[in-house]
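Got the viewer open and a selection box ready? Let's walk through this one stop by stop, picking side chains and strands as we go.

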Amino acid sequence: MTYYVLEFQYRRKGFISGGVTFTPELATYYDPLQMEISSETTAEVILDSSVRKMDVDLFYTGTRALIVSDALKLLLEESNVKAQFIPAQVHYYNNVPITGIYWVAHRLPQLDVVDYEHSTYAGKALVLRSIETPPRRIAKGFQQIVLDKSRIEGQEFFTLEYTYISNPIISEKLYVESKKKKLKLNATPVGEFKP
């Protein structure tokens, strides 16, 4: 099966980004993977001033929050993707609200599925040594990512553990389903992705 990296840059649009504030206010900086967030929490997203028309189903903010449309959230839930979805009100820079419902996708599954032997990245010898003798080093400076598909175990949507790559990975099956539902995502096969 092919896996795709979901990109945060869109053709003819560039990067869709913004800032997020949470209510109640978080005690520390937002951590999309480890932080526990109350089920009563809501988010407000103010898009960057460069965003003129918001019509995509996934984007990433400067505060490291991954924002998904209601349609993508429903698709993820139907596929049993384990995550916490925090309601988000999205506004343009001039405070005009966006039409549609959005969510912060919090605590997506993190998988240790990079094939470090066959991938190309900075400090490869150090990373490989740290796998054998912990503590683990975070891999960065990827030129090519190869996944160890035998360790994915049927996951359809996840992030890569032990890397600085924040882009989610989507299975071919789920990506095809998203296209059938006309979701606007920008996906690149994992092996062709250039962080």
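Start by selecting E156: at 14% relative accessibility it counts as buried, since the cut-off for buried is under 20%. This is a predicted model, so read every distance on the tour as computed from predicted coordinates. Now add K173, whose side chain meets that of E156 in a salt bridge, 3.9 Å from N to O. E156 lies in the loop between β12 and β13 while K173 belongs to helix α3, so the pair ties together parts 17 residues apart in sequence. K173 itself is exposed, with a relative accessible area of 56%.

Stay with that helix for a moment. Show α3 as residues 172-180, together with the sheet it packs on; the helix touches β1 (3-6), β13, β14 (169-171) and β15. Look at the crossing, too: the direction of α3 makes about 85 degrees with that of β14.

Next, colour the sheet. Its five strands run in the order β10-β13-β14-β1-β15, forming an open sheet with mixed pairing. What stands at the edges? That would be β10 (110-111) and β15 (187-189), each with a single partner strand, so one side of each has no neighbour in the sheet. Strands of a sheet pair through backbone hydrogen bonds, so switch those on. Zoom in on β10 and strand β13 (residues 157-160), which run parallel and are joined by two bridges. There you can pick out Q110, standing opposite T159 in β13.

From β10, move on to D112, in the loop between β10 and β11. Its side chain meets that of R151 in a salt bridge, 3.3 Å from N to O. R151 sits in the loop between β12 and β13, 39 residues from D112, and the pair links distant parts of the chain. R151 counts as partly exposed, at 36% relative accessibility. Widen the selection to D112, R136, D148 and R151, and you have a network of salt bridges. Before leaving, follow R136 to Y162: R136 lies over the face of that ring, 3.9 Å from its centre.

Now jump to helix α1 (residues 70-78) and select E77 and K73. Their side chains meet in a salt bridge at 3.0 Å, N to O. The two are four residues apart in the helix, so about one helical turn separates them. Buried or exposed, which is K73? K73 is buried, with a relative accessible area of 10%, whereas E77 counts as partly exposed at 34%. K73 has another partner to show: its charged end sits over the ring of W103, 4.4 Å from the centre. For the whole structure, a search finds eight salt bridges.

Last stop, the aromatics: there are seven aromatic pairs to hunt for. Take F59 and Y102, an edge-to-face pair with centres 6.4 Å apart and 65 degrees between the planes. F59 lies in strand β6 (residues 58-60) and Y102 in strand β9 (residues 102-106), so this pair ties together parts 43 residues apart in sequence. F59 counts as buried at 0% relative accessibility, and Y102 does so at 6%.

Then select Y121 and F142: their ring centres are 5.2 Å apart and the planes make 40 degrees, so the pair is tilted. Y121 is in strand β11 (residues 120-122) and F142 in strand β12 (residues 140-144), 21 residues apart. Y121 and F142 are both buried. Finish by adding Y116, and you'll see ring pairs linking Y116, Y121 and F142 into a cluster.

Notes: Residues are numbered from 1 along each chain as its sequence is written. This is a predicted model: local features need pLDDT of at least 70, side-chain atom pairs count only at pLDDT 80 or more; totals for chains, interfaces and linings use all residues. Side-chain values use heavy atoms; hydrogens and water are left out. Rings of Phe, Tyr and Trp (its six-membered ring) pair if their centres lie within 6.5 Å; planes under 30 degrees apart count as stacked, over 60 as edge-to-face and the rest as tilted. Buried means under 20% relative accessible area, exposed over 50%, partly exposed in between (1.4 Å probe, protein chains only). A charge sits over a ring if NZ of Lys or CZ of Arg is within 6 Å of the ring centre and within 35 degrees of the ring normal. Two strands pair if DSSP finds at least two bridges between them. Contact means heavy atoms within 4.5 Å. Axes are lines fitted to C-alpha atoms, for helices over the stretch in contact, and angles run from 0 to 180 degrees between N-to-C directions. A salt bridge is a side-chain nitrogen of Lys or Arg within 4 Å of a carboxyl oxygen of Asp or Glu.
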